[in-house]
Amino acid sequence: MPSSSNRDSNYYSSDPDVLLMMDFQKGNKASFETLMHKYYGRVLNFVYRFIGRKDIAEDLTQEVFIKVYQSVASYRPQAKFQTWVFTIARNASLNELRKLNQTSFSLDETLENEEGEALRPQMEDPKTSLPDIKVLEEEKIALIQTAIQSLPANQRTAVLLRRYEEFSYEEIAKTMNCSVEAVKSLLSRAKENLKIKLSKLLRD
Amino acid sequence: MQCEEVKKLLPNFLDDELKPDEKTDIQVHLSSCEVCQKELKAYRNSWELLKQWSDLEPQPAYLSRFWTELALRTPWYTSFLRELRLRFLTPKIATVWITACLLLAVSILIAKHYWQIQEVEMVLTNLPLEEVELIENIELAENYEVIQDMDLLEDLEVLENWENGKS
């Protein structure tokens, strides 16, 4: 009777990305580049939203794919490829967070927009006659960013995987190495927190 | 179902991740509870708002940057061994190599045997006739020496018998 790891390997061999990785394992570098094209943007945005730092996100994403590359010899498909890649991305992000010594942002933390300018959510200014739509849009994004990064790391991971990567609860559980019930609980609490933190935006 | 219980389940209800009976109970409750309807709307709106944080675009040269970074980190001998393993030591190629080596070994043995035969024939060609005849009849020559020795042995036997008889 095949062992569970053999059964898993056979099961996940139908995943096209797993097949590409196994093709790379046989020496085809083009397969690795195909995987990189497919996942680079996704991993970059996961890491960026998790850490909140655009300057670090690219470096960290490169690290994730270096780890993927260096793992080729020992790679055995025990999950969907995307689950495996995002597990690596999550672990790398957590390690980076520890290095940065961040646990959460306060609402007064200075955030930067994409041009690197300091951005602080503004109070309503009655003297402004015509609202600057771009500024308002950036403020909205800043509030969303603050709300996500104020979540504890596990809730943050669950939200990012569910909302932006559309992982199922089972896939999130595999990525985070926890039970589906734990994922339900994490997402429940995360949504409660987000509802409270984003209520200002929703009132406007 | 009470409002407190419903509110706890609304986040998972939004994801359609509840058991069928729980889902039904909540739908029934929502149909008559404006407070919980408002709560569900707040959850839904805040969740939808997240999507407005648009994606970051990767730097255009991320692939070439990756290969450069990898080359800088990998010692030359590790890259060489990895390339060797990836290109020449896959199971299929390893089978081909082993078969080729076995064929080569067998060919060398056959060639060696053939050359030995050729060498002997060449030596025989260059020998004088008398020596060739001797080699061809080497068994006879050896037997002749045996016979000669046997005559001597017979004489010895006779002598021994005479000695024993005398004693």
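The legends below accompany close-up views of a predicted model.

**View 1. Helices α7 and α8 of chain A cross at roughly 135 degrees.**
Helix α7(A) covers residues 153-164 and helix α8(A) covers residues 169-176, and their axes come within 10 Å. That angle makes α7(A) oblique to α8(A), and the crossing is right-handed. On the α7(A) side, look for A:Asn154, A:Thr157, A:Ala158, A:Leu161 and A:Arg162; on the α8(A) side, the contact is made by A:Tyr169, A:Ile172, A:Thr175 and A:Met176. Sorted by class, the residues of this contact are 5 nonpolar, 3 polar and 1 charged. If you would like a reminder of the terms, two packed helices are described by the angle between their axes and the distance between the axes.

**View 2. Helix α8 of chain A is largely enclosed by the rest of the structure.**
How many of the 8 residues of α8(A) are buried? The count is 6, so the helix is largely enclosed. The buried residues are A:Tyr169, A:Glu171, A:Ile172, A:Ala173, A:Thr175 and A:Met176. Which elements do they pack against? In chain A the partners are α5, α7 and α9, and α1 of chain B joins them. Four of these residues will be familiar from the previous view, since A:Tyr169, A:Ile172, A:Thr175 and A:Met176 also make the contact with α7(A).

**View 3. A:Asn177, the residue with positive phi that follows α8(A).**
Just past the end of α8(A), the chain reaches A:Asn177, with phi near 55 degrees. The value is positive even though the residue is not glycine. Most residues other than glycine have a negative phi. A:Asn177 sits in the loop between α8 and α9 (180-197) of chain A. Is A:Asn177 buried or exposed? Its relative accessible area is 70%, so A:Asn177 is exposed.

**View 4. Helices α4 and α5 of chain A meet in a right-handed crossing.**
Here the axes of α4(A) and α5(A) come within 10 Å and cross at roughly 130 degrees, an angle that makes α4(A) oblique to α5(A). From α4(A), the contact takes in A:Ile56, A:Leu60, A:Val64, A:Lys67 and A:Val68. From α5(A), the residues to find include A:Phe81, A:Trp84, A:Val85, A:Ile88 and A:Ala89, and further along A:Ala92, A:Ser93, A:Glu96 and A:Leu100. By class, the contact has 11 nonpolar, 1 polar and 2 charged residues. As a help in reading the spacing along each helix, an α-helix has 3.6 residues a turn, so residues three or four places apart point the same way.

**View 5. An aromatic pair, A:Tyr69 with B:Trp67, joins the two chains.**
Across all chains, the model has 18 aromatic pairs. In this one, A:Tyr69 and B:Trp67 are edge-to-face, with 5.7 Å centre to centre and 85 degrees between the planes. A:Tyr69 lies in helix α4 (residues 54-70) of chain A and B:Trp67 in helix α4 (residues 62-73) of chain B, so the pair joins two chains. A:Tyr69 is buried, with a relative accessible area of 3%, whereas B:Trp67 is partly exposed at 22%. Both rings belong to a cluster in which ring pairs also link A:Phe24, A:Phe32 and B:Phe66.

**View 6. A:Phe86 and A:Phe167 form an edge-to-face pair within chain A.**
The ring centres are 5.4 Å apart and the planes stand at 80 degrees, so the pair is edge-to-face. Where do the two residues sit? A:Phe86 is in helix α5 (residues 81-100) of chain A and A:Phe167 is in the loop between α7 and α8 of chain A, so this pair links parts of the chain 81 residues apart. A:Phe86 is buried, with a relative accessible area of 0%, and A:Phe167 is likewise buried at 0%.

**View 7. B:Asp16 has a positive phi in a loop of chain B.**
Phi of B:Asp16 is near 55 degrees, and the residue is not glycine. The loop runs between α1 (3-14) and α2 (20-30) of chain B. With a relative accessible area of 48%, B:Asp16 is partly exposed. For context, chain B has 8 helices and 0 strands, and 19% of its 167 residues count as buried.

Definitions and conventions: Residues are numbered from 1 along each chain as its sequence is written. Chains are lettered from A and ligands numbered from 1 in the order in which they are written. This is a predicted model: local features need pLDDT of at least 70, side-chain atom pairs count only at pLDDT 80 or more; totals for chains, interfaces and linings use all residues. Side-chain values use heavy atoms; hydrogens and water are left out. Axes are lines fitted to C-alpha atoms, for helices over the stretch in contact, and angles run from 0 to 180 degrees between N-to-C directions. Helices (H or I, at least four residues) and strands (E, at least two) are DSSP runs, numbered from the N terminus. Angles under 35 degrees count as roughly parallel, over 145 as roughly antiparallel, 65 to 115 as roughly perpendicular and the rest as oblique. A crossing is left-handed if the near helix is turned anticlockwise from the far one by less than a right angle, and right-handed if clockwise. Contact means heavy atoms within 4.5 Å. Ala, Val, Leu, Ile, Met, Phe, Trp, Tyr, Cys and Pro count as nonpolar, Asp, Glu, Lys and Arg as charged, and the others, Gly among them, as polar. Rings of Phe, Tyr and Trp (its six-membered ring) pair if their centres lie within 6.5 Å; planes under 30 degrees apart count as stacked, over 60 as edge-to-face and the rest as tilted. Buried means under 20% relative accessible area, exposed over 50%, partly exposed in between (1.4 Å probe, protein chains only).
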